[in-house]
Amino acid sequence: MAERDARAARKKLIWRVVQILVSVVLVVAIFAYAIPKIADYGAVWQAFTNMTWLELTSLVVATVFNLFTYWWQNMASIPGLGLWQAAVNNQTTTSIADTIPGGGYIAVGVGYTMYRSWGFPTSVIALSALVTGFALVLWKKEFARRIGDALGRAVSFLLRLIRRPPVEHWGEAAVRFRRQTIDLVSKRGIALTVTTIVSHLALFLVLLLAVRHVGVSETEISTAQVLGVFAFGRLVTALPLTPGGLGLVELSYIGGLILAGRAHANVPTEVFHAQVAAAVLVFRTLTYGIQIPLGAFTYLIWRLNKSWRKPVAAEHEPQAAAAVPQA
């Protein structure tokens, strides 16, 4: 058993090193080679410095508003969560996900630990993470039971490989989870929907303002085209090749916006390319780069602020399922 665990640890370490190396190579290649081929960094800096203080201030205000929308979304999904608790949790987990290859998994664990330290039970935390997720689980009780049973069999198979007892009653647990999710959505569905939509629109607003403030007009790249590129960039963010899509997202936004406006530019090509690159880099600095030190600060707040700490609240199951053993 000890030898098997040691081999597994070595494989995990090797995989982590490979992830880091791939991420570093991609980021360096994109920022040191690909983007300079599109726009000269000197011209990009000039496009940035051409923005007025009023324009820069409006970008900062839009960025701060965007941060608040994420916190409101967390509050809508977890009844009883305070605004500053939501801020600390969201900023810390975002920072982790944006700095470590595969950091999303670590961020989930850190976020879970924070919520538990504030007294929230596991079921509430899971609902927050998955309330907009597996639609089949919410569709019908029988689908929930089948999915739960299937997951239970898969987990039991993996547990047998390490000589652990199988799990039980995952089908019934999924039915209970479905009921809890439906209850949450019925009570807070409007708030969840509104905060989710507003958070996406607020992030898009930062990009749109950056594009306009560097001098790219509506006739060159329309708002609808910026929105289309933004939507594609959000998909690229989900690729786990670099932390937070670093490099890949910037290249996607720059390439997409140039492609959208290449036939309508009112300035020389090199100027247009510099304007687009400046807009994207400003947008990513505000919505990605600043998040990292901010997340480190909020992590320290969580570690030092003991006044929010509470014992975990008791789990409450629906009466109809009270007699079903816990999974």
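Helices here are DSSP runs of at least four residues, numbered from the N terminus. Keep in mind that you're looking at a predicted model.

Let's start with helix H4, which spans residues 83–99 and holds Asn90. Is Asn90 buried or exposed? Its relative accessible area is 12%, and buried means under 20%, so Asn90 counts as buried. Leaving aside residues up to four places away in sequence, Asn90 touches Tyr70, Trp71 and Asn74.

Now hop along to helix H10, residues 223–237, where you'll find Gly228. This glycine has a relative accessibility of 41%, so it counts as partly exposed. Try finding Leu257 from here: it sits 29 residues from Gly228 along the chain, and the two C-alpha atoms are separated by 9.3 Å.

Leu257 also takes part in the contact between H11 and H12. Helix H11 covers residues 248–261, and it packs against H12 at an angle of about 140 degrees, with the axes 9 Å apart. The crossing of these two helices is right-handed. On the H11 side, the residues that meet H12 include Val249, Tyr253, Ile254 and Ile258. Among their partners in H12 are Phe272, Val276, Val280 and Leu281. Sorted by class, this contact has eleven nonpolar, two polar and two charged residues.

Where do charged side chains pair up in a salt bridge between these helices? Look for Arg284 and Glu250, whose closest N and O atoms are 2.8 Å apart. Arg284 belongs to helix H12 and Glu250 to helix H11, so this pair links distant parts of the chain, 34 residues apart. Both Arg284 and Glu250 are buried.

How many salt bridges does the structure hold? There are two. Besides the Arg284 pair, the side chains of Arg212 and Glu218 meet in a salt bridge, at 2.7 Å from N to O. Arg212 is partly exposed because its relative accessibility is 23%, and Glu218 is partly exposed as well, with a relative accessible area of 41%.

Finally, follow H12 (residues 269–289) on to helix H13 (residues 291–304). These two pack at an angle of about 15 degrees, with their axes 6 Å apart. Angles under 35 degrees count as roughly parallel, so that's how H12 and H13 run relative to each other. Leu286, Thr287, Tyr288 and Gly289 in H12 meet Gln291, Ile292 and Pro293 in H13. The residues of this contact divide into four nonpolar, three polar and no charged.

Note on methods
Residues are numbered from 1 along each chain as its sequence is written. This is a predicted model: local features need pLDDT of at least 70, side-chain atom pairs count only at pLDDT 80 or more; totals for chains, interfaces and linings use all residues. Side-chain values use heavy atoms; hydrogens and water are left out. Axes are lines fitted to C-alpha atoms, for helices over the stretch in contact, and angles run from 0 to 180 degrees between N-to-C directions. Angles under 35 degrees count as roughly parallel, over 145 as roughly antiparallel, 65 to 115 as roughly perpendicular and the rest as oblique. Contact means heavy atoms within 4.5 Å. Ala, Val, Leu, Ile, Met, Phe, Trp, Tyr, Cys and Pro count as nonpolar, Asp, Glu, Lys and Arg as charged, and the others, Gly among them, as polar. Buried means under 20% relative accessible area, exposed over 50%, partly exposed in between (1.4 Å probe, protein chains only). A crossing is left-handed if the near helix is turned anticlockwise from the far one by less than a right angle, and right-handed if clockwise. A salt bridge is a side-chain nitrogen of Lys or Arg within 4 Å of a carboxyl oxygen of Asp or Glu.
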